[in-house]
Structures are given as structure tokens and as C-alpha cells.
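Hi,

Here is the structure I said I would pass on. Have a look at it first, and my notes on what I found follow underneath.

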Amino acid sequence: MQRMARVAGTVATGLALLAGGAGAALAQAAAEPPPMIGAPLPWGIGLQPSGGPIKDAISSFNSLVFWIIVVITIFVAALLVWVMWKYRASANPNPSKTSHNTMLEIAWTVVPVLILVVIAIPSFRLIYYQDRAVDAEMTINVQGRQWYWHYGYPDHGNFNYDSYPVPNEEIAAGQIRSLSVDNPLVVPVGANIRILTTGQDVIHSFFVPSLGVQKYTIPGRTLETWIRADRPGIYYGQCNQICGVNHWFMPIEVRAVPREEFEAWVAQARTRFAQGLPPGPPPSALAQQQPAETTLAEARR
């Protein structure tokens with residue numbers, strides 16, 4: 001009996017430890033959501049997952065329009081089936097000559113107008129929501145060049161750097177061919193960031209689907225938009241304006257990191273910029289890369 005009691009006590013202690021460990025793991029997972037990857041997926045259907053409030057609004061508007069289209073499609077299909085059955089030749093050997101039904105003509109004029117109004121109101125609200133940052137915490141300058149991106153941080157020492165794709169032969173684990181870059185655009189999580197775009201040579205387009213941003217970079221003009229990443233992670237995009245023979249050479253990689261890590265990266269970037277070097281990736285990215293990759297930008301210089 002004593003041996004059974006000791007065994008039962010040991011089992012109970014083990015179960016308690018397991019429960020405590022599982023509870024701690026669940027609490028940590030709830031407190032620290034896993035980093036998000038905003039990128040296209042093979043055979044993906046629908047929009048990319050949302051990483052911020054702009055993409056949330058776009059997804060909501062997309063759902064509204066989708067269900068309106070579904071209802072219209074079902075209604076038109078049912079109407080066609082009913083007309084084919086009701087007014088087939090065998091059922092109506094002597095068809096009616098009636099035309100110009102006033103109520104029908106009013107209905108098929110007014111109903112589409114009302115549908116367009118239902119679509120237009122949230123559409124205009126979304127356009128104005130994307131247009132300007134309200135109470136922006138920082139500004140980033142984005143310049144499209146043939147064929148790479150040039151980023152500047154005027155609020156953090158006015159340093160700037162170039163961003164090129166990682167060559168295929170140097171792609172490492174965790175990187176994506178034709179999307180990963182040597183110097184990503186680094187932003188703090190939860191910050192409203194004003195983006196000012198311009199072009200150096202031809203029209204490019206700064207497009208990051210998972211953050212809901214798409215803005216042209218036009219030579220001689222400065223356009224404004226904004227982004228906010230609510231989750232840490234990597235958000236990929238591309239120039240979606242056909243800008244020349246090396247158009248594919250303009251991927252975008254946005255790394256959203258905690259504010260403490262962002263401040264550490266800014267301090268690192270200032271030091272390296274003073275030495276004539278690019279800023280390098282943030283610490284979390286360095287931990288994921290092989291040592292040889294940290295010298296990619298210096299080698300290109």
C-alpha cells in the first residue's frame with residue numbers, strides 16, 4: 001500500500017508539473033504571438049493575411065463586395081433558369097408580345113444604382129483612410145530607382161541606404177527567392193509610419209499586400225501614404241509597375257520588430273552609416289542568417 005501511495009504521489013507530481021509547464025507555455029504563446037510572414041503561398045486563394053489596420057479595412061471591403069457579387073450571381077442564374085423553364089417553346093407556343101414594362105425598367109435602373117451606392121460609400125472611406133497618416137510617429141522616405149529601392153529615415157539621423165534582392169545562389173534557410181533582400185525596411189511594431197514616395201527615373205510602385213499599401217513613386221512628385229504593422233514579422237512586396245528590363249529586381253521586405261529592437265537597429269545603422277556602410281538587418285534577422293550573409297551588402301559596395 002505504501003509503494004502504491006508513493007507511485008500515485010509521483011504520478012500526481014509529474015502531472016502537476018506537466019500542467020504547470022503547459023500553462024506557462026500557453027501563457028507565453030498568448031503574450032508573444034509568433035512572427036507573421038506576409039508572403040504569397042502556392043495555390044493560395046484570397047487575400048494575404050492582414051498585418052495591420054489598413055489591410056483589415058481592405059479585407060472587410062473585399063468581403064462586402066464578394067458577397068454582393070455572390071448574391072447578384074445567384075439571382076441572375078436563378079432568373080435565367082426560371083425564364084428558360086417558364087417561357088420555353090413547348091410551354092409557350094404562342095408567346096406574348098408585351099414589352100416596355102414600366103415597373104421592371106424602373107427596378108433594373110434603381111436597384112443597380114443602390115448597389116453602387118452601397119459599394120461606393122465604404123470604397124471612398126477606405127481611399128481616404130489609406131491616404132494620410134493621422135498622428136504619424138515617424139516618417140520614412142521611399143525612392144524607386146532602376147532597379148532597387150532607396151530608403152531614408154529623416155527622423156532618426158537622416159541616414160539612408162539601398163535595398164537589393166538576395167542573389168539566388170546566396171539564398172539561405174528562411175529566405176524566399178526573388179523576395180528576400182540584403183537590407184530590409186525596418187519598422188517598429190504598432191507605430192503609425194508616414195511613407196513619402198518619389199521616383200528617381202521612371203514610375204515604380206511600392207506595394208506590400210499584407211500591410212495594405214500600394215503607392216506609385218513618380219519622378220518629380222512626392223506622394224504620401226502610411227503603414228502600421230500590428231504584429232512582429234516579415235512582410236514581402238514587389239514593385240507592381242512594369243518599370244523596365246530589371247523590374248523583377250525590386251522586391252520589398254519590411255521587417256516589423258519590437259520598439260526596443262528598432263531603437264537598437266537605428267543606433268547600429270547610424271554607426272555603420274557614418275562608416276560608409278549599409279545599416280544591416282535588425283538583430284532578430286541576424287540570428288536567422290548565416291555569418292557569410294552579413295557581408296553581402298559590403299561586398300556589393
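The accessible surface of the chain adds up to about 18100 Å², and carbon and sulfur atoms contribute 64% of that. Keep in mind that this is a predicted model, so every value below is computed from predicted atoms. The chain has 301 residues, of which 35% count as buried. DSSP-style bookkeeping gives six helices and 11 strands. If you take the contacts with a separation of 6 or more, 65% of them are between residues 24 or more positions apart.

**The five-stranded sheet**

Let's begin with the open sheet. Five strands make it up, in the order β4-β3-β2-β6-β9, with mixed pairing. At the edges sit β4 (159-163) and β9 (223-227), each of which pairs on one side only. From one strand to the next, the twist averages 25°. As a general reminder, strands of a sheet pair through backbone hydrogen bonds, either parallel or antiparallel.

At the β4 end, strand β3 (residues 148-153) and β4 run antiparallel and are joined by five bridges. Within this pairing, Y151 stands opposite Y161 in β4. Helix α4 (residues 259-274) lies across β2 (138-145), β3 and β4, and its direction is at about 90° to β4.

Two loops around here deserve a click. The loop between β2 and β3 holds W147, and the peptide bond joining Q146 and W147 is cis, with omega at about -10°. The loop between β3 and β4 is the place of N158, whose phi is near 60°, a positive value in a residue other than glycine.

**Aromatic rings**

There are 15 aromatic pairs in the structure. One of them is Y151 with Y161: the ring centres are 5.8 Å apart and the planes are at 70°, so this pair is edge-to-face. Since Y151 belongs to strand β3 and Y161 to strand β4, the pair ties together parts that are 10 residues apart in sequence. Are these two tyrosines buried or exposed? Y151 has a relative accessible area of 1%, so it is buried, and Y161, at 1% relative accessibility, counts as buried too.

Another edge-to-face pair is W248 with F249, where the centres are 4.8 Å apart and the planes are at 80°. Here the exposure reads as follows: W248 is partly exposed with a relative accessible area of 47%, and F249 is partly exposed at 24%.

Y151 and Y161 also belong to one aromatic cluster, together with Y153, F159, F262 and W265. Elsewhere, what sits over the ring of W85? It is the charged end of R88, 4.0 Å from the ring centre.

**Strands β1, β10 and β11**

Next, have a look at strand β10 (residues 233-238). Five of its six residues are buried, so β10 is largely enclosed by the rest of the structure. Three bridges join β1 to β10, and these two run parallel; the bridge partner of I37 in β10 is I234. Strand β11 (residues 251-257) is joined to β10 by six bridges, and that pairing is antiparallel. One of the bridge partners there is P251 in β11, which goes with Q238.

The loop that runs between β1 (36-38) and α2 contains W43. Phi of W43 is near 60°, a positive value in a residue other than glycine. How much of W43 is accessible? Its relative accessibility is 85%, so W43 counts as exposed.

**A57 in helix α2**

Last stop: A57, which has its place in helix α2 (residues 53-86). A57 counts as partly exposed, at 25% relative accessibility. Which residues does A57 touch, leaving aside its neighbours within four places in sequence? The answer is L126 and Y129. P122 is 65 residues away from A57 along the chain, and their C-alpha atoms are separated by 9.4 Å.

That's the tour. Shout if anything is unclear when you open the file.

Cheers

How values were computed
Residues are numbered from 1 along each chain as its sequence is written. This is a predicted model: local features need pLDDT of at least 70, side-chain atom pairs count only at pLDDT 80 or more; totals for chains, interfaces and linings use all residues. Side-chain values use heavy atoms; hydrogens and water are left out. Two strands pair if DSSP finds at least two bridges between them. Helices (H or I, at least four residues) and strands (E, at least two) are DSSP runs, numbered from the N terminus. Axes are lines fitted to C-alpha atoms, for helices over the stretch in contact, and angles run from 0 to 180 degrees between N-to-C directions. Contact means heavy atoms within 4.5 Å. Buried means under 20% relative accessible area, exposed over 50%, partly exposed in between (1.4 Å probe, protein chains only). Rings of Phe, Tyr and Trp (its six-membered ring) pair if their centres lie within 6.5 Å; planes under 30 degrees apart count as stacked, over 60 as edge-to-face and the rest as tilted. A charge sits over a ring if NZ of Lys or CZ of Arg is within 6 Å of the ring centre and within 35 degrees of the ring normal. Accessible areas come from the Shrake-Rupley method with a 1.4 Å probe; for residues, only the protein chains shown count as cover.
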